[in-house]
Amino acid sequence: MTLDELFDDAIWVCKVLFDRKIVTGSSANMSFKHENRIYITGSNTCFGRLTKDSFAVLNQDEVLSSIKPSKELPLHKYLYENCPNANAVIHTHSTFATYW
(Lines give C-alpha, C1' and ligand atoms only; values in the text may rest on other atoms or scores of the structure.)
Protein backbone atom coordinates (compact mmCIF):
# COMPACT_ATOMS: atom_id res chain seq x y z
CA MET A 1 0.00 0.00 0.00
CA THR A 2 1.08 3.56 -0.57
CA LEU A 3 1.52 6.01 2.28
CA ASP A 4 -1.59 7.92 1.14
CA GLU A 5 -3.64 4.71 1.19
CA LEU A 6 -2.40 3.91 4.70
CA PHE A 7 -3.33 7.41 5.88
CA ASP A 8 -6.78 7.10 4.29
CA ASP A 9 -7.40 3.73 5.96
CA ALA A 10 -6.09 4.87 9.35
CA ILE A 11 -8.20 8.03 9.33
CA TRP A 12 -11.28 6.08 8.20
CA VAL A 13 -10.91 3.48 10.99
CA CYS A 14 -10.43 6.17 13.62
CA LYS A 15 -13.46 8.12 12.37
CA VAL A 16 -15.62 4.97 12.48
CA LEU A 17 -14.54 4.28 16.07
CA PHE A 18 -15.35 7.87 16.99
CA ASP A 19 -18.70 7.96 15.16
CA ARG A 20 -19.78 4.72 16.84
CA LYS A 21 -18.85 6.24 20.22
CA ILE A 22 -16.28 3.53 20.90
CA VAL A 23 -13.78 6.32 21.64
CA THR A 24 -14.39 9.90 22.73
CA GLY A 25 -12.36 13.07 22.74
CA SER A 26 -8.64 12.46 22.78
CA SER A 27 -8.83 9.20 24.73
CA ALA A 28 -7.28 7.03 22.02
CA ASN A 29 -4.23 6.90 19.78
CA MET A 30 -3.14 4.92 16.77
CA SER A 31 -0.07 4.33 14.71
CA PHE A 32 1.07 2.51 11.62
CA LYS A 33 4.40 1.65 10.04
CA HIS A 34 5.54 2.45 6.53
CA GLU A 35 9.07 2.15 5.10
CA ASN A 36 10.91 2.08 8.46
CA ARG A 37 8.93 5.02 9.83
CA ILE A 38 6.20 5.16 12.42
CA TYR A 39 3.23 7.47 11.94
CA ILE A 40 1.40 8.07 15.24
CA THR A 41 -1.44 10.36 16.15
CA GLY A 42 -0.27 13.53 17.79
CA SER A 43 -0.75 14.35 21.42
CA ASN A 44 -4.36 15.36 22.26
CA THR A 45 -5.77 14.58 18.82
CA CYS A 46 -9.38 13.51 18.37
CA PHE A 47 -10.23 10.44 16.29
CA GLY A 48 -13.24 12.30 14.87
CA ARG A 49 -11.13 15.08 13.34
CA LEU A 50 -7.94 13.42 12.12
CA THR A 51 -6.14 14.49 8.97
CA LYS A 52 -2.73 13.53 7.62
CA ASP A 53 -1.36 16.52 9.49
CA SER A 54 -2.56 15.02 12.81
CA PHE A 55 0.22 12.41 12.76
CA ALA A 56 3.75 12.69 14.08
CA VAL A 57 6.40 11.00 11.94
CA LEU A 58 9.27 9.12 13.53
CA ASN A 59 12.39 7.41 12.27
CA GLN A 60 13.48 5.12 15.12
CA ASP A 61 13.75 7.52 18.09
CA GLU A 62 13.86 10.78 16.14
CA VAL A 63 10.69 12.83 15.59
CA LEU A 64 10.78 14.10 12.00
CA SER A 65 7.69 16.32 12.14
CA SER A 66 6.53 19.33 14.12
CA ILE A 67 3.67 17.29 15.62
CA LYS A 68 4.27 16.02 19.17
CA PRO A 69 3.64 12.24 19.21
CA SER A 70 1.13 10.68 21.55
CA LYS A 71 2.51 10.04 25.02
CA GLU A 72 1.66 6.37 24.37
CA LEU A 73 4.49 6.14 21.81
CA PRO A 74 6.54 3.81 24.06
CA LEU A 75 3.65 1.31 24.10
CA HIS A 76 3.38 1.39 20.30
CA LYS A 77 7.14 0.99 19.87
CA TYR A 78 7.18 -1.92 22.33
CA LEU A 79 4.48 -3.71 20.37
CA TYR A 80 6.27 -3.16 17.04
CA GLU A 81 9.55 -4.43 18.48
CA ASN A 82 7.98 -7.52 20.06
CA CYS A 83 5.34 -8.36 17.44
CA PRO A 84 7.22 -8.27 14.12
CA ASN A 85 4.05 -8.90 12.10
CA ALA A 86 2.27 -5.86 13.59
CA ASN A 87 1.98 -2.97 11.15
CA ALA A 88 -0.56 -0.87 13.07
CA VAL A 89 -1.61 -0.32 16.68
CA ILE A 90 -4.84 1.16 18.03
CA HIS A 91 -4.87 1.95 21.74
CA THR A 92 -8.17 3.02 23.30
CA HIS A 93 -9.71 3.58 26.69
CA SER A 94 -13.13 2.63 25.44
CA THR A 95 -15.99 2.55 27.91
CA PHE A 96 -16.72 -1.02 26.90
CA ALA A 97 -13.19 -2.19 27.68
CA THR A 98 -13.21 -0.27 30.97
CA TYR A 99 -16.43 -1.98 32.06
CA TRP A 100 -14.96 -5.36 31.23
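These legends walk through a predicted model, one close-up at a time.

Local features are described where pLDDT is at least 70, side-chain atom pairs count only at pLDDT 80 or more, and totals for chains, interfaces and linings use all residues. Residues are numbered from 1 along each chain as its sequence is written, and side-chain values use heavy atoms, with hydrogens and water left out.

**Figure 1. The whole protein, with three helices and five strands.**
Here helices (H or I, at least four residues) and strands (E, at least two) are DSSP runs, numbered from the N terminus. Starting at the N terminus, the order of elements is α-β-β-β-β-α-β-α. The C-alpha atoms fit a box of roughly 35 × 25 × 25 Å along the principal axes. The radius of gyration, taken over C-alpha atoms, is compared with a globule rule of 2.2 Å times the number of residues to the power 0.38. For 100 residues, a compact globule would come out near 13 Å, and the protein agrees, because its value is 13 Å. Of the 100 residues, 37% are buried, where buried means under 20% relative accessible area, exposed over 50%, and partly exposed in between (1.4 Å probe, protein chains only). The accessible surface is about 6,500 Å², and 52% of that belongs to carbon and sulfur atoms; such areas come from the Shrake-Rupley method with a 1.4 Å probe, and for residues only the protein chains shown count as cover. Among contacts with a separation of 6 or more, 51% are between residues 24 or more positions apart, a contact being heavy atoms within 4.5 Å.

**Figure 2. The open sheet, made of five strands.**
Follow the strands across in the order E4-E3-E2-E1-E5, with antiparallel pairing. Two strands pair if DSSP finds at least two bridges between them. At the edges are E4 (62–63) and E5 (88–92), each of which pairs on one side only. Helix H1 (residues 3–19) packs on the sheet, where it touches E1 (28–34), E2 (37–41), E3 and E5. The direction of H1 makes about 160 degrees with that of E1; axes are lines fitted to C-alpha atoms, for helices over the stretch in contact, and angles run from 0 to 180 degrees between N-to-C directions.

**Figure 3. E1 and E2, joined in a hairpin.**
Four bridges connect these antiparallel strands. Look for Ser-31, whose bridge partner in E2 is Ile-40. Two residues lie between the strands, and Glu-35 in this hairpin has a positive phi near 45 degrees. E2 is mostly covered, with four of its five residues buried.

**Figure 4. E3 and its partners on either side, E2 and E4.**
E3 (residues 55–59) is joined to E4 by two bridges, while E2 and E3 pair over four bridges. Both pairings are antiparallel. Towards E2, Ala-56 is the bridge partner of Ile-40, and Leu-58 is opposite Ile-38. Towards E4, Leu-58 stands opposite Val-63, and Asn-59 stands opposite Glu-62. The hairpin of E3 and E4 has two residues between its strands, with Gln-60 in the turn showing a positive phi of about 60 degrees. E3 is mostly covered too: four of its five residues are buried.

**Figure 5. A cluster of aromatic rings, linking Phe-7, Phe-32, Tyr-39 and Phe-55.**
The whole structure holds five aromatic pairs. Rings of Phe, Tyr and Trp (its six-membered ring) pair if their centres lie within 6.5 Å; planes under 30 degrees apart count as stacked, over 60 as edge-to-face and the rest as tilted. Phe-7 and Phe-32 are edge-to-face, because their centres are 5.3 Å apart and their planes are at 90 degrees. This pair joins distant parts of the chain, with Phe-7 in H1 and Phe-32 in E1, 25 residues apart. Phe-32 and Tyr-39 are stacked instead, because their centres are 5.2 Å apart and their planes are at 10 degrees. Phe-7 is buried; so is Phe-32, with a relative accessible area of 3%, and Tyr-39 is buried at 6%.

**Figure 6. His-76, a buried residue in helix H2.**
H2 spans residues 73–82. His-76 has a relative accessible area of 0%. Setting aside neighbours within four places in sequence, His-76 is in contact with Asn-29, Met-30, Ser-31, Ile-40, Val-89 and His-91. Two of these may be familiar from Figure 3, where Ser-31 has Ile-40 as its bridge partner.
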